[in-house]
Amino acid sequence: MYLKIHKISGSESVTAVCDAELIGRTLTSEFCDITIDESFYGNELATEEEVIKALHNSVNANIIGKKVCEIAVNEGLIDKECCIIIEGIPHAQIYGV
């Protein structure tokens, strides 16, 4: 999985994680198109343990892919129903309040 933490001045950071095989793809639906680009999701691979730690330490996250969404569900960070499916790929956003 690719992992990138975006630090935003004066705000909480955003953790972006995607399954490795999705980088460079664009997924299309009738509601939106999502380009899974390394400028947002990063260009360094992360282990499952690193992803879990980053998601638990994150207030806001953008995740896409079967593996990372399954991790978030198993860790109790989201419900499976929170994922939207685009071209068969689950995607979720987590926001702190």
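Which residues does V51 touch, not counting residues up to four places away in sequence? In this predicted model, the contacts of V51 are M1, V17, A46 and V68. V51 is also among the residues with the most contacts inside the largest nonpolar core, a group that further comprises M1, V17, L55, I63, V68 and I78. That core has 18 residues. At least two of its residues come from each of α2 (48-56), β5, α3 (66-74) and β7 (89-94). Apart from this set there is a second core of 11 residues, including Y2, L22, L27 and I89. In soluble globular proteins, nonpolar side chains tend to be buried together.

Helix α2 has a buried side and an exposed one. V51, I52, A54 and L55 are its buried residues. Viewed down the helix axis, these buried residues fall within an arc of 165 degrees and therefore line one face of α2. They pack against β1, β2, β5 and α3. The exposed residues E49 and K53 are carried on the face of α2 turned away from the buried side.

Strand β2 (residues 14-18) pairs with two other strands, β1 and β5. Strand β1 (residues 2-6) runs antiparallel to β2 and is joined to it by 5 bridges. Strand β5 (residues 60-64) runs parallel to β2, and this pairing also rests on 5 bridges. T15 of β2 takes part in both pairings: its bridge partner is I5 on the β1 side and A61 in β5. Strand β2 is mostly covered, with 4 of its 5 residues buried.

The cysteines were examined for bonding. The structure holds 0 disulfides. A disulfide is a covalent bond between the sulfur atoms of two cysteines. For C18, the closest cysteine sulfur is that of C69, and because the separation is 11 Å, the two are too far apart for a bond. C18 is buried, at a relative accessible area of 0%. C83 is likewise in no disulfide; the nearest cysteine sulfur, again that of C69, lies 3.9 Å away. The cut-off for a disulfide is a sulfur pair within 2.5 Å, so the 3.9 Å between C83 and C69 does not qualify. C83 is buried, with a relative accessible area of 15%.

Notes: Residues are numbered from 1 along each chain as its sequence is written. This is a predicted model: local features need pLDDT of at least 70, side-chain atom pairs count only at pLDDT 80 or more; totals for chains, interfaces and linings use all residues. Side-chain values use heavy atoms; hydrogens and water are left out. Buried means under 20% relative accessible area, exposed over 50%, partly exposed in between (1.4 Å probe, protein chains only). Two strands pair if DSSP finds at least two bridges between them. A nonpolar core is a set of buried Ala, Val, Leu, Ile, Met, Phe, Trp, Tyr and Cys residues joined through side-chain atoms within 4.5 Å. Contact means heavy atoms within 4.5 Å. The arc is that of the directions from the helix axis to the C-beta atoms.
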